[in-house]
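Reader: Please take a close look at the enclosed space inside this protein. I would like to know what lines it.

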Amino acid sequence: MKKLMPDERVRILNSSPTWDGGDYVLYAMRSAQRVEDNPALALAAARANELAKPLVVAFCLLLDFPEANLRHFTFMLEGLAETFPALRKLGAEPVLVRGRWSEEMERLARAACEVVLDRGYLRLHRDDVAELLDKVTCRVFEVEGEAVVPVEEASEKAEYAARTLRPRVHRHLAEFLHRVEVPEIQNKEPGEFESLDRGLMDLSEFLKGKHLDRSIGPVSRYFRGGPTEAQRRLQSFLEGKLSRYDDQRNQPQTDFTSQMSPYLHYGMVSPVSLALSVREAAPPKDPQAESFLEELVVRRGLSQNFCHFTRGYDQWDCLPEWARKTLQTHKSDSRPHLYSREELEHAETHDPYWNAAQIEMVETGYMHNYMRMYWGKKILEWSSSPEYAYQTTLFLNNKYFLDGRDPVSFANVGWLFGLHDRPWQEREIYGTVRCMMASGLERKGDPKAYVKKIEQLTGRTVLATARGD
């Protein structure tokens, strides 16, 4: 791919020229669902001004997006309901379409002089872009704005662990850690284009449609979508939680995490802006801020690296060979507790700590980060086979979490089974894959207080089954 400028965020994906007869510049908004600090939008606006063309920003609602349900669509559309007016204020023309992404973007691109895309890391995103490039006849740009350091700039291969990626990321951090300003559109009169379907329906009407999987309800009571809510939560974190982040982030009974993951997943907040906000709010080399940046820049970057270089990132074979081998060796080990997927889904286990975590996920679309590790490790311990445990963990993760179906989610689920980790002392069921025990939760924190917190938050009583008690 040819590089457009020294900033490696921008690439030209094809050899087609700008079409002088095009009616507008098209920005296919997808991964970055915001106006502020959006590098793809900034490039599209700059190109529109340089070419003296209007800017059309198109968003395609994928009705058949894998594993998406009413919970996910509600959160996303809450954000778009805020982003569309902001785009109009900027002078752009927002367009909402429904159907297959590559087909709808190709249709809109027929009258475009240039197309700008924001980069995604999932198979679906890459395959859609490949299909579009086979059909489009004008120049196509791709902008990587959802990684602090662009994936291929940090590394040219799948990294083994955070320790191998960390120095590579930090080598380039200063180059990419800066905000972007989106210029106002000069040509604000897009006119009437025969090929342009504005399709700006009332977003609330879309959510009433029978085409959606309505089995999982929205969680607006706990998490509302949109850039404004993302910034409100960020300010709350900076002002009252950052100063104790590293000390308290593994204490699930407290609330010292940022809760930014759903907003990062939908691109409602810029990871670069988030990193800079944390740095600006803390003293130089503050350990609390550095701990947060490790998660945001290195660990999140590792997940993007994993999904970019591993096409089967959601398959059992994506796990390292040593982990698959040791889990297979212990596949027939006796398991004190075996639960079906349905029992797990309904939080019907003997373990109140695990049940509380499952309830938090089901009711709020979120789970404290430390409990996510315990939650997944126990699914491995309580399943009939490691392969079934892996599939079950992905199923529950993607169904209920607002940030499910994300590179971070796929990498985190993989970590539960040995990805980006090392062999530990061998034990039953786990083999040499790292384990987590309830006694460890009790030694390092106060899981009983966490159970009470979840009961108060959700109004549900956390129970343990009689089996095994």
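**The cavities and their linings**

Author: In this predicted model, 29 residues line the largest cavity. Those that lie nearest its centre are Arg-30, Gln-33, Phe-65, His-125 and His-265. Five elements each give two or more residues to this lining: strand 4 (55–61), helix 2 (70–90), helix 10 (261–265), helix 12 (287–309) and helix 18 (407–416). Sorted by class, the lining of the largest cavity holds 15 nonpolar residues, eight polar ones and six charged ones. The volume of the largest cavity is about 480 Å³.

A search of the whole structure finds six cavities of 30 Å³ or more. The second largest cavity contains about 90 Å³ of space, and its lining is made up of 14 residues. Val-149, Val-169, Val-297, Gly-301 and Gln-304 lie nearest the centre of this second cavity. At least two residues of its lining come from each of helix 5 (151–154), helix 6 (162–176) and helix 12. Helix 12 gives the most, with six residues. By class, the lining of the second largest cavity divides into 10 nonpolar residues, three polar and one charged.

Helix 12 thus links the two descriptions: it is among the elements that give two or more residues to the lining of the largest cavity, and it supplies six residues to the lining of the second largest cavity.

Conventions. Residues numbered from 1 in each chain as written. Predicted model: local features only at pLDDT ≥ 70, side-chain atom pairs only at ≥ 80, totals over all residues. Heavy atoms only, no water. 1 Å grid on protein atoms, 1.4 Å probe; cavity = no way out; pocket = protein on both sides within 12 Å on 5 of 7 lines; lining within 4 Å. Points joined across faces, edges and corners; volume = space filled by probe spheres on them. Helix = DSSP H or I, 4+ residues; strand = E, 2+ residues; numbered from the N terminus. Nonpolar A, V, L, I, M, F, W, Y, C, P; charged D, E, K, R; others polar.
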